[in-house]
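Here are two exercises on binding sites, each with a worked solution. Take a look at the model, then work through them at your own pace.

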Amino acid sequence: MTTTSSSHDSSQPRVVVIGGGLAGLSAALEAADHGAAVTLFERRPRLGGATWSFERNGIWFDNGQHVYMRCCTAYQAFLARIGSADDVTLQRRLDVPVLAPHVRRAAIKRTIGPAPLHLAPSLLTYPHLSLRQRLAAVRAGLALRRLDPHDRDLDQATFGDWLQAHNQDTEAVESFWNLIVLPTVNVNAADVSLKLAARVFVTGLLTEATAADIGWARKPLTALHADAGARALQAAGGEIHSRLAATAVRSASQGLEVHLDGSLRSDVSGAEHDNAQVATADAVVVAVPHDAASDLLPPNTLANQHQLNDLGISPIVNVHLVYDRPVTNLDFFATVGSDAQFVFNRTESAGIDDGRQCLAVSLSAAESYIGMPSADLVTHFKAEIARLLPAAADAEVTESMVTRERSATFMGYPGTDPLRAPCESRLPGVYVAGAWTDTGWPATMEGAVRSGTTAGRLAARHASESASLGR
Ligand SMILES: Cc1cc2nc3c(=O)[nH]c(=O)nc-3n(C[C@H](O)[C@H](O)[C@H](O)COP(=O)(O)OP(=O)(O)OC[C@H]3O[C@@H](n4cnc5c(N)ncnc54)[C@H](O)[C@@H]3O)c2cc1C
């Protein structure tokens with residue numbers, strides 16, 4: 001076993017971060033900004049975690065459409081910190097066009113004015129609900145506003161049961177409530193934990209009028225997060241080792257040890273060498289997905305550690321269709337009466353400037369699509385888009401791509417709240433971060449960054465105290 005070499009000054013407080021997704025990058029930057037010597041280990045060849053992109057035939061495809069809302073303040077601060085703030089577009093005012101076959105275009109949008117009145121005009125004219133359903137939805141919205149997203153008892157019930165008790169029928173759930181819950185929590189409105197749904201509606205839509213304005217990337221996700229994040233971290237003195245997986249975190253006489261497996265590293269010489277390595281640290285941030293965290297840590301480092309797999313996984317599938325001509329002038333739209341859920345115009349971020357148009361059909365809670373052959377998905381959604389956008393019926397699809405993320409998020413069912421670990425573990429100096437941890441938010445980029453920032457700050461403080469005590 002070898003010790004990983006580091007160019008850091010050995011007297012500096014040392015923080016190791018495991019995992020190079022948004023939580024790990026945020027933790028690493030925060031710790032470096034608080035004076036720690038940071039080393040980040042990522043098992044894959046690339047950073048960015050669940051947000052990444054690849055190029056085929058000159059077109060950049062994201063692994064899946066990512067959006068954020070104006071209330072995602074930590075994520076926006078992260079973009080600013082890594083120099084990517086100018087590479088996103090944030091709507092001036094919430095406006096989600098809703099398309100349905102053979103029905104006039106509707107929208108969920110806000111007007112000027114305080115919450116929750118800002119949504120009243122679009123809800124009261126929403127054509128996919130009857131007048132009775134609209135009035136019932138307004139009453140349910142007002143009741144929802146009174147829920148406290150911090151109330152852990154809300155995690156005992158489904159949002160579906162709550163909606164039913166508040167006179168929302170199946171049609172209202174499908175045509176209205178699910179348009180908001182499905183893409184934000186990646187679980188159907190009927191099944192999702194009431195606590196997570198309350199967080200989305202109270203924080204996003206019903207308290208602050210501007211909170212739900214929607215933002216998206218104008219660049220491929222890898223350029224937006226991974227490349228810019230790596231540059232920022234290196235500029236702050238951090239070291240990044242990719243293709244190096246952590247296998248265990250242990251306490252040692254001089255702080256903490258992170259055991260590593262470098263067997264993913266390609267050996268160009270073909271020479272045999274010892275792939276096992278160990279890094280020493282004063283504090284460690286474990287920023288890996290929930291199903292990887294429990295194996296890395298000594299038993300009982302986290303409450304409910306042996307149950308982390310019960311958080312489950314929920315898939316997301318994206319079907320990318322490149323048309324030979326523009327078929328819509330919308331940036332994105334939601335759908336009713338179609339399987340297409342949400343459709344995004346990705347032409348700019350795909351790097352297409354030859355008159356073609358790239359649309360991504362984003363399918364959340366995609367259990368029924370994850371195993372379908374790509375050709376079937378492309379045929380099906382090409383037909384769905386033609387039903388929604390008349391111009392697409394005559395256009396040709398010149399390129400297509402299906403991206404599947406089997407474990408895109410945890411499954412936010414009732415009962416999952418107690419499984420989400422707090423940042424501070426029971427092992428001094430070890431902190432956990434990730435979208436799955438106890439952020440109160442659904443599994444989102446905002447949750448990942450919030451948890452990472454907190455973990456990075458606490459780790460830097462702990463490391464600094466250990467270093468000043470002479471370790
Ligand atoms: C297709 C898709 C669409 C999404 N859409 C949205 C959206 O619109 N809005 C939104 O806010 N969120 C969205 N999300 C969720 C969001 O991307 C994630 O919640 C967030 O990026 C998770 O970040 P993380 O750092 O917590 O975890 P991850 O991104 O999973 O990062 C964990 C990292 O740890 C690494 N790792 C694992 N084990 C080890 C080990 N032993 N040693 C070293 N490294 C290890 C992994 O390789 C990975 O890079 C979407 C996710 C997907 C997949």
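Domain bounds here come from an automatic or database domain assignment. This is a predicted model, where local features need pLDDT of at least 70, side-chain atom pairs count only at pLDDT 80 or more, and totals for chains, interfaces and linings use all residues. Residues are numbered from 1 along each chain as its sequence is written, and side-chain values use heavy atoms, with hydrogens and water left out.

**Exercise 1.** Describe the shell around the ligand by domain and class, then find polar contacts.

*Solution.*
- Step 1: Domain 1 (2–51 + 221–311 + 419–468) and domain 2 (53–71 + 83–89 + 313–409) each give the shell at least three residues.
- Step 2: With a heavy atom within 4 Å as the criterion, 33 residues surround the ligand, and Glu42, Ala50, His66, Val67 and Met445 are the closest.
- Step 3: Sorted by class, 18 are nonpolar, eleven polar and four charged.
- Step 4: For polar contacts (N or O pairs within 3.5 Å), a polar side-chain atom of glutamate 42 sits 2.6 Å from a ligand oxygen. A backbone N or O atom of alanine 246 is 2.9 Å from a ligand nitrogen.

**Exercise 2.** Which domains give residues to the lining of the second largest pocket, and which helix gives the most?

*Solution.*
- Step 1: Domain 2 and domain 3 (107–210) both contribute lining residues, so the pocket lies between them.
- Step 2: Helix H6 (170–185) gives the most, with six residues; helices are DSSP runs of H or I, at least four residues, numbered from the N terminus.

Notes. Polar contact = N/O pair within 3.5 Å; in protein donor to acceptor, adjacent residues only side chain to side chain. Nonpolar A, V, L, I, M, F, W, Y, C, P; charged D, E, K, R; others polar. Helix = DSSP H or I, 4+ residues; strand = E, 2+ residues; numbered from the N terminus.
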